[in-house]
Every structure is written in structure tokens, then in C-alpha cells.
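User: I'm new to reading protein models. Could you walk me through this one and explain the reasoning behind the words you use?

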Amino acid sequence: MYKVLSTDCIGFALPFKDVARTISAQGYEGFWFNFERDCGITAAETKDILAHNSLRPAGFQMPVNLRKDRATFEEDMRKLPELARFAQEVGLDRCITAIAPGSDDRDYAANFVHHRDMLIDVAEVLDDYGIKIGLEFVGTPEKRRTRRFEFIHDLDQMLDLCAAVGTEQCGLLLDIWHWEMAGQTESDFKKITSPEHIAVVHINDAPAGRGPDEQVDAERCLPGETGVLDIASFFREILSLGYDGPVIVEPFDATLSTLPFAEASQRVMDAMERVWPRRN
């Protein structure tokens, strides 16, 4: 596993070229790309910056919106081959997207077909460029309460969707928050039969004094801050599977964005270091 920074995840809309030197000096080993900002320079320039700062191209947010109308999806799809080509040239081999855990328009069965068909279209393009999709289930009960119909919000349901897409390039984004909010346990890791089924890992912590039904998705903490989420067991299980990919902190801590970027990113690195598993 290796330590990766996503500026979006800590409340900063900053491009890669502006933060590479800072995060490299702080001990980050990779960077998570956002194509809205990070395609402003060429793939060759991007690779030079990565090499100069000893950073790995960890991955990117999938630039296709699955939540809006069909016209938006089709417009995103027209742009996808060019972005995928850029990603391949840079060395980015994985992308992620979260699946909304409910809908006001489609019941579970209809929404499953809707997502399956869109993801098959996306995967057909990305497969040509060697790019894996990581799908995130959103386990927080709060995110489903206002929806007319529930949708995928736990591991079993997400594994069903991955299987329906039908490509080895479709796997999981595992976020410890959603893992525990969905009620997953250590034994559930047995359902993940290969490290290749995990594309990305997110870590964070949860406010103390709240049960899963009381937690608010956008109110989280830095890893190890409260000890509510069992990050030691989470790391132990993904390591036992042989996972060696990117790990990103996603704390949704509003105080971070009030700090200078270098201070915020250092605070995140310090938290990551405190919970990082030590090899015996």
C-alpha cells in the first residue's frame, strides 16, 4: 500500500502541478488526479513532474456522471476516450465513482439495470486503456432516508453490480466509513477473493458518541482521531488479501480547508502515519 493525497478529499481545489513539491516533501507517495483541473498541462509535463517529485500516478475520479440525465451521460462518454488516453499516457490505471444509495425515480431493480448498462459502456472504453473502475457503496443510513427507493449500500449488493458489469476491470473502492456504516465485519472480507477486486482504499474516522443511524455522512474525522472506526482491523484484512494499491484520507473535516494548504496536508499525513500498519 502507499500513501496518496487527493486535494479534493481535504477541501482544496488545487491542481497537481501546484502541490506536487509540497506533498512529496511531506512523505506522500502518490497523487489522486481530478481531470477538471489536471489536464491543463500535457501528459509529458505531468510525467516529468511526477518523476521529479518521486510521486506515483495513483488514479482519478471517473469523469462520467452516472447520476444525471442520459444526455449528460452521453456527453461525458464522448469525452471519455480522450481523457482515458491522457490517463494511460500518464500511467493512471484506476478511477473511482460512488454509487448513490437511493433514487426517487427508479426502484431497486430498474436502478440496477440503469447503472449496469451505463457502467458496461464506461468499462468498454476504459478496458481499452487498461483502466480499472472502483465502485464505492455508500453505507451511511442518513443518505438513504430521504429517498423514495433504496439502492446499493453494502458490500454484497456492490459485488452483484460488479459481477453484472462483467469485467475484471470493475472492482471496489473500500472506504472504512461506509464499510462500518453498512454493518460489514471482518468476516465479510472473505467475500473479496482477490486483491485485484480492490481498486482504492479510503480511510477516516467517525465522531464519537453517535451510532451508525446518527452519523452524518459529511461529518467525519481524521484517521485515528476518535477510534470509533476500527482501522487496525480494516488494514489487517486488506493486507491479508494482498492489497498494495493507493490509500487516501477522506476526512470531510471542514476545519482543514481553513488552514494553509501545506499545514492541512501535513496534518493529514501525520494522521495517516499514526494509523499506518507497521511491518514486524
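## Pockets, helices and a buried leucine

Analyst: Happy to! This is a predicted model. Let's begin with the second largest pocket, which holds about 220 Å³ of space.

User: What lines the second largest pocket?

Analyst: Its lining has 13 residues, and R67, G102, S103, R106 and R147 lie nearest the centre. Both β5 (102-103) and α5 (108-127) supply at least two residues of that lining. The largest share comes from α5, with three residues.

User: How many residues of each class are in that lining?

Analyst: There are two nonpolar, five polar and six charged residues. Arg counts as charged and Gly as polar, so R67 is a charged residue and G102 a polar one.

User: And what is the volume of the largest pocket?

Analyst: The largest pocket has a volume of about 870 Å³. Its lining has 33 residues, with Q61, R67, I96, T97 and A98 closest to the centre. Here β4 (94-99) is one of the elements that supply at least two residues, together with β2 (30-33) and α2 (35-38). The most comes from β4, which gives three residues. By class, the lining divides into 17 nonpolar, seven polar and nine charged residues.

User: Now the helices. Why are α1 and α3 called roughly parallel?

Analyst: Let's set the value against the cut-off. Helix α1 (residues 16-26) and helix α3 (residues 43-52) pack at an angle of about 10 degrees. Angles under 35 degrees count as roughly parallel, and therefore α1 and α3 are roughly parallel to each other. Their axes are 9 Å apart.

User: Which residues make the contact between α1 and α3?

Analyst: On α1 they are F16, K17 and A20, and on α3 they are T46, I49 and L50. Sorted by class, that contact has four nonpolar, one polar and one charged residues.

User: You also have a leucine for me. Why is L222 called buried?

Analyst: L222 has a relative accessibility of 7%. Buried means under 20%, so L222 counts as buried.

User: Where is L222 found, and what is L222 in contact with beyond its neighbours within four places in sequence?

Analyst: L222 sits in the loop between β9 (198-203) and α8 (231-240). Leaving those sequence neighbours aside, L222 is in contact with N204, D205, V249, P251, D253, L256, R267, V268 and A271.

User: How far is L222 from D107?

Analyst: In sequence, L222 and D107 are 115 residues apart. In space, they are 35 Å apart, C-alpha to C-alpha.

How values were computed. Residues are numbered from 1 along each chain as its sequence is written. This is a predicted model: local features need pLDDT of at least 70, side-chain atom pairs count only at pLDDT 80 or more; totals for chains, interfaces and linings use all residues. Side-chain values use heavy atoms; hydrogens and water are left out. Axes are lines fitted to C-alpha atoms, for helices over the stretch in contact, and angles run from 0 to 180 degrees between N-to-C directions. Helices (H or I, at least four residues) and strands (E, at least two) are DSSP runs, numbered from the N terminus. Angles under 35 degrees count as roughly parallel, over 145 as roughly antiparallel, 65 to 115 as roughly perpendicular and the rest as oblique. Contact means heavy atoms within 4.5 Å. On a 1 Å grid over the protein atoms alone, a cavity is a set of points where a 1.4 Å probe fits but cannot get out, and a pocket is an open set with protein on both sides within 12 Å along at least five of seven lines; lining residues have an atom within 4 Å of a point. Grid points are joined across faces, edges and corners, and a volume is the space filled by probe spheres set on the points. Buried means under 20% relative accessible area, exposed over 50%, partly exposed in between (1.4 Å probe, protein chains only).
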